[in-house]
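Good morning, colleagues. Please bring up the sequence and the model, and let us go through them together.

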Amino acid sequence: MKKLFLLLCIGISLISCTKINDTNVSARYFFEVSTPSSKAVVTGHDPLKFECEAGDEILIEVEVVDMMERIGAGGYIPQDVGMVFKSSCKLLYDGKSWNLDKDGEKTSCIEVTAKEGLTVCVKYDFWNQPEGDYEDWFMLGRRREFPLKAGDHTIVLDLSEAIGMVE
């Protein structure tokens, strides 16, 4: 009985030590657009050049993923396996600057609290599809991944990388 009690105590202390090292950190992500302008009016095709218009928007998705859990799932991996945090928002262009909008409310950043070292995935999509105007149509979709670290971080979205011109 004493051996069983001793093994139980050792197991509990190992679990509590693991929990102490499993600390969460907080990070705030701010977004900037490298190109001052946006609903792009195409002014050149090689390379693509455009100007932004009021009302343009960039869709942003921020996810925090436990990649070890996702990899451990093996085979076909459902999208939510290992998902710790997910937030969607958009950057809206008002004709002068880009502003972050979360569910219809203006905000300055996206805040994340999770275990340090997990993977942060930032996806952003910029669509320009003027109705009936195939010459000015294009889209930009990018994804960035990096480890979660505490503090404030600025993510620069480079719209000069726009691709997918339709002629």
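W98 and F126 are both buried. What you see here is a predicted model, and these two residues offer a good place to enter it. Their rings have centres 6.4 Å apart and planes at 80°; because that angle is over 60 degrees, the pair counts as edge-to-face. W98 belongs to strand β6, residues 98-102, while F126 belongs to strand β9. The two residues are 28 apart in sequence, and the pair thus links distant parts of the chain. Y93 joins them, as ring pairs connect Y93, W98 and F126 into a cluster.

How many aromatic pairs does a search of the whole structure find? The search returns 3. One of them brings together Y29 and F146, in a tilted arrangement, with 5.9 Å from centre to centre and 50° between the planes. The two partners may be described in turn. Y29 has a relative accessibility of 1% and is therefore counted as buried. F146 has a relative accessible area of 26%, so this residue is partly exposed.

F146 also appears among the contacts of T119. T119 lies in strand β9, which covers residues 119-128. Leaving aside residues up to four places away in sequence, T119 touches E63, V64, V65, M67, E145 and F146. Is T119 buried or exposed? T119 is buried, because its relative accessible area of 15% falls under the 20% cut-off.

Let us set V156 beside it. V156 is located in strand β11, residues 151-157. With the same exclusion of sequence neighbours up to four places away, V156 touches E32, S34 and R144. The relative accessible area of V156 is 37%, and V156 is therefore partly exposed.

I turn now to the protein as a whole. The secondary structure consists of 2 helices and 11 strands, in the order α-β-β-β-β-α-β-β-β-β-β-β-β along the sequence. Of the 167 residues, 33% are buried. The protein exposes about 10,600 Å², and carbon and sulfur atoms supply 55% of that area.

Finally, a word on confidence. The mean pLDDT is 75, and 62% of the residues reach 70 or more. Among the elements, strand β8, residues 110-115, has the highest mean pLDDT, at 93, and helix α1, residues 2-21, has the lowest, at 49. Over residues 15-21 the pLDDT is below 50, and beyond near neighbours in sequence this stretch has 0 contacts in the model. Residues 163-167 are also below 50, yet that stretch has 14 contacts beyond near neighbours in sequence.

Note on methods. Residues numbered from 1 in each chain as written. Predicted model: local features only at pLDDT ≥ 70, side-chain atom pairs only at ≥ 80, totals over all residues. Heavy atoms only, no water. Helix = DSSP H or I, 4+ residues; strand = E, 2+ residues; numbered from the N terminus. Buried < 20%, exposed > 50% of the residue type's maximum accessible area, 1.4 Å probe, protein only. Areas by Shrake-Rupley, 256 points an atom, 1.4 Å probe, with all protein chains shown as cover. Contact = heavy atoms within 4.5 Å. pLDDT = per-residue confidence, 0-100. Phe/Tyr/Trp six-rings, centres within 6.5 Å; stacked < 30°, edge-to-face > 60°.
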